[in-house]
Amino acid sequence: MSTPQARRGNTRQRIQDVALELFSEQGYEKTSLREIAEKLEVTKAALYYHFKTKEDIVISLFQDLTGPIDELIVWAQEQPRTLETKHELIRRYSESLRSAEPLFRFMQENQAAVRDLSIGERFKERMLTLFGLLKEPDSELSDQVRCITALFSMHAGMFAMQNVEGDPEEKRKAILEVATELVTAANPPNRRPVRPDSAQTEAP
């Protein structure tokens, strides 16, 4: 028999899933809490018990689904800044994107709304941190472009490749391969690795 705490947890997740589905289908601005409650077949009071606003739902989704990305950043900051570390960073980021794909689809399809929500700025901060972990402090502008392109090619590819025929796993591998090639090109083999304690992981 489920405990009250487990039931509350299940209800919270159901609200998140249904809200994200409606946000993606008809847009964040056009979706009301009433519609979310109706789709769930619960009262608005029951919905308010967990979330007071639509933004509360989105923030909770962001916190839950981007947790692995935060863990990845902590891991990468503790590693030597070698090309191997950066390859592993890109590979793990690819896995994180796959688990958080519904959230990133929402962000892609509701860009105007996301800019007005607190998650927009927080997502930007994470991207800048990852960018700082991929590039070197003294890297040329072209190499910096390659690093930031590696990250955003993974985001864009996740959506663009939906309309391309082929096995989903093979398409994901192809996107990862391109991102890895960009990171490799941005980090010449003769560059001396930087230790974590002396690394500049923050983007300028």
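This tour proceeds through a predicted model, from its nonpolar core to one helix, two pockets and a single arginine.

**The nonpolar core**

Begin by selecting Ile36, Tyr93, Phe104 and Phe106, the residues that touch the most other members of the largest nonpolar core, a set of 53 residues. Then colour helix H9, residues 118-134, which gives the most to this core, with seven residues. In soluble globular proteins, nonpolar side chains tend to be buried together.

Next, centre the view on Phe106. Beyond its neighbours within four places in sequence, Phe106 is in contact with Leu20, Phe23, Ser24, Tyr28, Val58, Val114 and Ile119.

**Helix H6**

Select residues 83-99, which form helix H6. Does the distance between its ends agree or disagree with the span its 17 residues should have? At 1.5 Å a residue the helix should span 24 Å, and its end C-alpha atoms are 25 Å apart, so the two values agree. Within H6, display the side chains of Thr85, Lys86, Leu89, Ile90, Tyr93, Ser94, Ser96 and Leu97, which are buried. Tyr93 has already appeared among the core residues that touch the most other members.

**The largest pocket**

Move now to Met107, Gln111, Val114, Phe123 and Phe152, which lie nearest the centre of the largest pocket, among its 16 lining residues. The space in this pocket is about 390 Å³. To see the elements around the pocket, colour helix H7 (101-109), helix H8 (111-116), H9 and helix H10 (141-160), each of which supplies at least two residues of the lining. H9 provides the largest share, six residues. By residue class, the lining comprises nine nonpolar, four polar and three charged residues.

**The second largest pocket**

The next pocket, the second largest, has a volume of about 310 Å³. Select Glu101, Met158, Pro168, Arg172 and Ile175, the closest to its centre of the 15 residues that line it. H6, H10 and helix H11 (168-186) are the elements that give two or more residues to this lining. Which of them contributes the largest share? That element is H11, with six residues. The lining of the second largest pocket divides into seven nonpolar, three polar and five charged residues.

**Arg126**

Finish by returning to helix H9 and selecting Arg126. Is this residue buried or exposed? Arg126 counts as buried because its relative accessibility is 14%, and buried means under 20%. Display Phe62, Thr66, Asp70 and Ile73 alongside: Arg126 touches these four, leaving out residues up to four places away in sequence.

Definitions and conventions. Residues are numbered from 1 along each chain as its sequence is written. This is a predicted model: local features need pLDDT of at least 70, side-chain atom pairs count only at pLDDT 80 or more; totals for chains, interfaces and linings use all residues. Side-chain values use heavy atoms; hydrogens and water are left out. A nonpolar core is a set of buried Ala, Val, Leu, Ile, Met, Phe, Trp, Tyr and Cys residues joined through side-chain atoms within 4.5 Å. Buried means under 20% relative accessible area, exposed over 50%, partly exposed in between (1.4 Å probe, protein chains only). Helices (H or I, at least four residues) and strands (E, at least two) are DSSP runs, numbered from the N terminus. Contact means heavy atoms within 4.5 Å. The expected span of a helix is 1.5 Å times one less than its number of residues. On a 1 Å grid over the protein atoms alone, a cavity is a set of points where a 1.4 Å probe fits but cannot get out, and a pocket is an open set with protein on both sides within 12 Å along at least five of seven lines; lining residues have an atom within 4 Å of a point. Grid points are joined across faces, edges and corners, and a volume is the space filled by probe spheres set on the points. Ala, Val, Leu, Ile, Met, Phe, Trp, Tyr, Cys and Pro count as nonpolar, Asp, Glu, Lys and Arg as charged, and the others, Gly among them, as polar.
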